[in-house]
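Let's take a walk through a protein model together. Have the picture open and follow along as we go.

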Amino acid sequence: MKMKKMLAAGLAGVMAVSILGGCGSSTQTTGTQTAADSSAQTDNIGGESSGKTVIKFWGHQNEAWQIAYEDMIAKFEEAYPEYDVQSEYYPYNDFQTKIQTSLMAKGDGADVYAMWGGWALDFGSTGALAEVPEDMTKNLEDDFYQPAVAAYEYGGKYYGVPMEYNLEYGGMLVNKKLFDEAGCTYPITWEELEKVSDQVSKSNGNVMEMREFDFVSGDSLPYQWLGMILSSGGQYLNEDGTVDFNTDIAVSTMEQLRSYVVDRKWTNLDSLTQGTSAYRLLYEGKSFMHPVGCWSVSNGEAAYGLKYGEDYDYVALPSYSTKTAFAAETGWGLAVPEASKQKEGAWKFVEFFTAPENLINFNMACAQIPPRKSMLGNETYLKSMPYAECLLEILDKGQWIGPYNTETFKGEINSMFVTLCSTNEYASVEEALSKLTDTINQTKIN
């Protein structure tokens, strides 16, 4: 029996809303079909199967995403019956290494990879990935948002096509019950956010009894800071892709964030030092607001039995300044290895997958932000994900985070912030940001 039929049966009862989201480092769930299981169910890999051309597809294990992938595969095979797409899914923590190993083997892998944008940076200059065909390149340049596609570009050529606009800025979860009990309304401006945060946050020594604007987490802190720099009219990226945090705006905004933790005690460092999940704390009634991508919305109902609109909401994040500007990293996309023996079919699959009328269904199933400008305003999408509207309104205000492994990039910012808030290692914020600039620039890719 073909693997995809086995997988569909195994996942029949699983909810079709993603709880992983766009973030490459977020906690993911494990699919019911392992890579070992899938390889046992595929046949004639890399050649002909029942007279059809086989295309091998690899993705990472996540229930909702696997269902959405399999639905897309079924639609593609219906439109192109000459192809047989055989899929395998691997644990997220092993997936990058699996892709890297197969690319080095030149032929012992998939024909199409679901690839995180940050990984593509490592492969673009090696010749391991096939260049996106010319007709598809025009679409990338004309219709895809720059932050969504930037990591797939190298030397003026593209080596992948985005499936999403990965966004961890612009919206926030709010605990509606806590706001109602406190008699507060959701903040519209940064001044209102500060006022309500000062009013309701509670701490007992080092123990946080109630977090207010809980911006300290692996993704939220870096993107909040970069957004504050950019919305204040500053810039942290140089033309050559290096960073410069030795600016007055970078220093003043970092001082502000430090004061929110150390002096005003809106939140603490637990999410960075103890691995506490900030958005889960909100669902547990331990914080009022948490800036995070809209992928997190489904968790309230799926994991905590809460009701959206009654227990919690997702609303626009107030801008730190009058200007809206933010940074975003390139999220999940599709790439074809140069060594693939089925390039024509592989690119046909990628083109079909990322066509607006098909991709919008995948984005809805996985709670993703569409990466194409022509997909905005889709009524079905807005009805399915009304909470995403506040993000769709600002997509053109984003810039790519830069040519870095984003896990390293964000990790360095978070590590610096913990040290800045909890020790006397740095004589000043200026010293901390000077060292951060040097450290991050040493990790620049290409």
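In β11, which residue is the bridge partner of Val174? It's Met289. Keep in mind that what you're looking at is a predicted model.

That little pairing is a good way into strand β11, which covers residues 287-291. On one hand, β11 is joined to strand β8 (residues 171-175) by three bridges, and these two strands run antiparallel. On the other hand, β11 also pairs with strand β10, residues 207-213, this time in the parallel sense and over two bridges. If you want a spot to look for in that second pairing, find Arg211: its bridge partner in β11 is Ser287. So how many of the residues in β11 are buried? Five of its five, so the strand counts as mostly covered, given that buried means under 20% relative accessible area.

Now let's turn to the rings. Searching the whole structure turns up 46 aromatic pairs. Take Tyr404 and Phe409 as one of them: their ring centres are 5.3 Å apart and their planes sit at 50°, so this pair is tilted. A tilted pair falls between the stacked ones, with planes under 30 degrees apart, and the edge-to-face ones, over 60. Are these two residues buried or exposed? Tyr404 is buried, with a relative accessible area of 1%, and Phe409 is buried too, at 0%.

One last stop: a ring with a charge for company. Find Tyr145, and you'll see Lys373 lying over its face, at 5.9 Å from the ring centre.

How values were computed: Residues are numbered from 1 along each chain as its sequence is written. This is a predicted model: local features need pLDDT of at least 70, side-chain atom pairs count only at pLDDT 80 or more; totals for chains, interfaces and linings use all residues. Side-chain values use heavy atoms; hydrogens and water are left out. Rings of Phe, Tyr and Trp (its six-membered ring) pair if their centres lie within 6.5 Å; planes under 30 degrees apart count as stacked, over 60 as edge-to-face and the rest as tilted. Buried means under 20% relative accessible area, exposed over 50%, partly exposed in between (1.4 Å probe, protein chains only). A charge sits over a ring if NZ of Lys or CZ of Arg is within 6 Å of the ring centre and within 35 degrees of the ring normal. Helices (H or I, at least four residues) and strands (E, at least two) are DSSP runs, numbered from the N terminus. Two strands pair if DSSP finds at least two bridges between them.
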